[in-house]
Amino acid sequence: MSYRWLKTEGGIAPCPCCKIGGRKIGFLERTLVEVTSFFRNGLFSEEYAKKNGILQRIDPRVKILTLGILLVAVSLMRHLTLIGGLYLTVLFLAILSKIDLKFFLPRVWLFIPLFSGIIAIPALFNVFVPGEPLLTLITFKSKWSVGLFEIPKTISITKQGLFVATMFVMRVATSVSLVVLIVLTTRWQYLLKALRVLWVPQMFTFIIGMTCRYIHLLLKLIEDIHLAKKSRVIKKTSVVAGQRWVTSQIGNILKRSLQMSEEVHSAMLSRGFTNDVRILDTFRIKRVDYVWAAFFILFTSVILGFNSILG
Amino acid sequence: MEKKVFEIKDVSYSCLGKFPALCGVNLEIKEKEKIALLGANGSGKSSLILILNGLAFPQKGEIRFMGERLTEESLEDEEFNSFFRKTVGLVFQNSDIQLFSSTVWDEIAFGPTQLGISKAEVEERVNDLLEMLDMHSLKDRSPYQLSGGEKKKVAIASTLAVNPDILLLDEPTNGLDPRTQAFLMELLEELHRSGKTIITATHDLGKVEKMADRVIILGEDHTIVTEGCASEVLGNKSLLLEVNLIHEHLHRHDDGTLHSHEHGHFSEHEHNHNKYKTV
Ligand SMILES: Nc1ncnc2c1ncn2[C@@H]1O[C@H](COP(=O)(O)OP(=O)(O)O)[C@@H](O)[C@H]1O
Ligand SMILES: [Mg+2]
C-alpha cells in the first residue's frame, strides 16, 4: 500500500480522551433506532405464539371462528356479571396459553382508554344519561342549554350513567382482550393465512403479508445504514447536522425501497407469479379442534341462555 | 446435436437506459450445457442473467427462447409465460429480494403453487427439498429470521421447487461457508447429470472448472471477450489479466527472492510455494 496516510506507524496511539460513554448519539437518531428495534424485536418476536399453551394448539381458523363467536356474544350481554364472567374466562384462557398476565393486562388496559374513554366518560354524567345522582360535581344557579343539550342545574355522576359506562368499558376490555389473545397466540403468518382461508379476500391478506415483509426489509435497511454510519463516525456531529443526516437518509431509504419493490416484483415474476396469487391451504383440523369447538359453542350458548333468562 | 434453447443476437442493454451493461452480445446456449459466465464486478453478468430470465429486455438486438422471441409482449401470453417460467429458474444474487413469503415453507411452495401444480405434489416437493438441504427445523421460520447462508439455501430450494430444466444462478456460492459451497457444487453437478442446463454467473475462478464445461468471459467493456472450454480459457493468463479476473501479485519469499504470479480474487490468495522453485 503506497498511500501516505494509510499506515499504522508506531502502534496504535493512546486515546486522548478515553472516557467511555462521553459521546452520545443524537436524540432523533436514537429514537429511530429504538423504534426500529421495537418493531423488529417486540412486535415480530412471536414469543408467546411459540409457547406450548392451549390456544397455540388450536387450528388458527377454528380459533378465529370460536373466539369470533364469543366476541359477538360479548356485545349481546346485558348483565355486568356475565360480562365480568366472560372477562375472567378470557384471562383464564390467557393463563392456560402461558401468557404472562403482567405482560397481558397492561397492554390491554393501555389501549382501552383510547377506544372507550371518549364514549364512556361523558356517559357517566347526568347530562347524557339522566338518573339518580351518586356524586354531585357542580351546581349552577339554573339550568341552561348548549345547542341540543340541556345542561341541568346540577352536574353529577349518576348511578345509571356509572352502569352504562362500566358495561361499556367491560365490553371493550373483554373484546380487546380476546383480539389480543388471538394475535398473541397465533404466528402472524398463520393468522393472515387463516383469515385468507376464512373470508378475507386473498389479495388483501397477501398485500398485508407483503407489507410486513417490506417493513422488515426497510427496518433492516435503516438499522444497517445506522450501523454503517456509527462505525465510521469519529467526531460528534452537531444536532442540526444529525437531523439533516436523518432526513437525507429518509429520502435515500424511500428511493432504495422503491427499487427493492421492483426487484421483489421481478423475483415473483421469475417464479411464475401472474398478478393473481394462488395460495396453498395447508391447515388440518385435528381432534383437539373439534373438542375445543364443541366446548366453546356449548359455553357460548349457555352464557347467551343466562343472558336471556336474566332479561 | 442438442437443440438450441437460447439464441442471443447482437444484444445491447443499459440499466435505466443510461448505464451500459451489455454491448453487442452474441451467444447461443444449447440444451444440457454447463456454462459459466465469468467477469469482473460490473461487467454485466447479472444483466445477462436477467435477460435470459425474461425480467429485463434488451434495447437493441433480440433474444429467442426455443425459437420463440422473448419480449414483454410474448411473455404476456399466459401459456407461453407458464411454459417459460416452468422451464427456466433463477437464483438471484441477492436472496433478500428473492424471499418474500411469510415462512420458509410457503416460500418454497410459492413457485409450484403459482404454476398450478397440485397440492399433494407441492407438499411432496417442499418436504423433499427441506430434507435435501437439511432445513426441516427452519420450515416455520420467516425468511428474515435466517442467516445469509440459510437464506441462500432457501432461495435455491425455492427455485428448484419449480423443477426448471434450465437453471440460472447469479453468484450462488457468495457468502456460503466452504462446506455448503462444496455441497452446492456437488448438487449442481448432480442436477446437470440428471439432464439440466446450468448457467452460472461467477467471478470465482477457483470453482469455474467444476461448474462449467464452457466458459464465457465478459470484459469490463460489457462485451464477450472470449468463450471456450474451461481449461483452455483458464490457461490464458494474459486474457484473464486483461479482463481483471486475476491480478499480478508481487511478494518476497523468506529467502529474499522476489516472486511474481497471477491469481484470482478469492480462494487463490491462500497458496503455498516451494521456495526453491520460484520464477
Ligand atoms: N440498478 C442499477 N442502476 C444503474 N446501473 C446499474 C444498476 N445495476 C447495474 N448497473 C450497471 O450495469 C452494469 C452491469 O452490472 P451487473 O450486470 O450487475 O454486473 P455484474 O453482475 O457482472 O457485477 C454495471 O456497470 C452497473 O454500473
Ligand atoms: Mg452481479
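**A note on selected features of chains A and B**

1. A good place to start is Arg271(A), which is buried at a relative accessible area of 3%. Bear in mind throughout that this is a predicted model. The side chain of Arg271(A) meets that of Glu107(B) in a salt bridge, with 2.4 Å from N to O. Arg271(A) sits in the loop between helix H9 (239-270) and helix H10 (287-309) of chain A, while Glu107(B) belongs to helix H4 of chain B, so this pair joins two chains. Glu107(B) is buried as well, with a relative accessible area of 0%.

2. If you like to browse salt bridges, a search of the whole structure finds 17 of them over all chains. Another one is made by the side chains of Asp10(B) and Lys60(B), at 3.7 Å from N to O. Asp10(B) lies in strand E1 of chain B and Lys60(B) in strand E4 of chain B, so the bridge ties together parts that are 50 residues apart in sequence. Here the partners are partly exposed: Asp10(B) has a relative accessible area of 36%, and Lys60(B) has 44%.

3. Now please look at helix H5 of chain B, residues 119-132. At 1.5 Å a residue, its 14 residues should span 20 Å, and the end C-alpha atoms are indeed 20 Å apart, so expectation and model agree. The buried residues of H5(B) are Val122(B), Glu123(B), Arg125(B), Val126(B), Leu129(B) and Leu130(B). Viewed down the axis of H5(B), these buried residues fall within an arc of 165 degrees and therefore line one face of the helix.

4. What lies around that helix? The cover over the buried residues of H5(B) includes helix H4 (104-114) and helix H6 (148-160) of chain B. On the face turned away from the buried side you will find the exposed residues Ala120(B) and Glu131(B). After H5(B) comes Asp134(B), whose phi is positive, near 55 degrees.

5. H5(B) also holds a salt bridge of its own, between Glu121(B) and Arg125(B), whose closest N and O atoms are 2.9 Å apart. Both residues lie in helix H5 of chain B, four residues apart, which is about one turn of the helix. Glu121(B) counts as partly exposed at 31% relative accessibility, whereas Arg125(B) is among the buried residues of the helix. Elsewhere in chain B, salt bridges with shared partners join Lys9(B), Glu62(B), Arg64(B) and Arg69(B) into one network.

6. Aromatic rings deserve a look too: the whole structure holds nine aromatic pairs over all chains. One of them is Phe6(B) with Phe65(B), a tilted pair at 5.5 Å centre to centre and 45 degrees between the planes. Phe6(B) is in strand E1 (residues 4-15) of chain B and Phe65(B) in strand E4 (residues 60-65) of chain B, so the pair ties together parts 59 residues apart in sequence. Phe6(B) is buried, with a relative accessible area of 0%, and Phe65(B) counts as buried at 0%.

7. Phe65(B) has a further aromatic partner in Phe83(B): this pair is tilted, with 5.8 Å centre to centre and 45 degrees between the planes. It links distant parts of the chain, from strand E4 to helix H2 (residues 78-87) of chain B, 18 residues apart. Phe83(B) is partly exposed, with a relative accessible area of 41%. To complete the picture, Phe6(B), Phe65(B), Phe80(B), Phe83(B) and Phe84(B) form one aromatic cluster.

Methods:
Residues numbered from 1 in each chain as written. Chains lettered and ligands numbered in written order. Predicted model: local features only at pLDDT ≥ 70, side-chain atom pairs only at ≥ 80, totals over all residues. Heavy atoms only, no water. Expected span 1.5 Å × (residues − 1). Buried < 20%, exposed > 50% of the residue type's maximum accessible area, 1.4 Å probe, protein only. Arc of directions from axis to C-beta. Contact = heavy atoms within 4.5 Å. Phe/Tyr/Trp six-rings, centres within 6.5 Å; stacked < 30°, edge-to-face > 60°. Salt bridge = Lys/Arg side-chain N within 4 Å of Asp/Glu carboxyl O.
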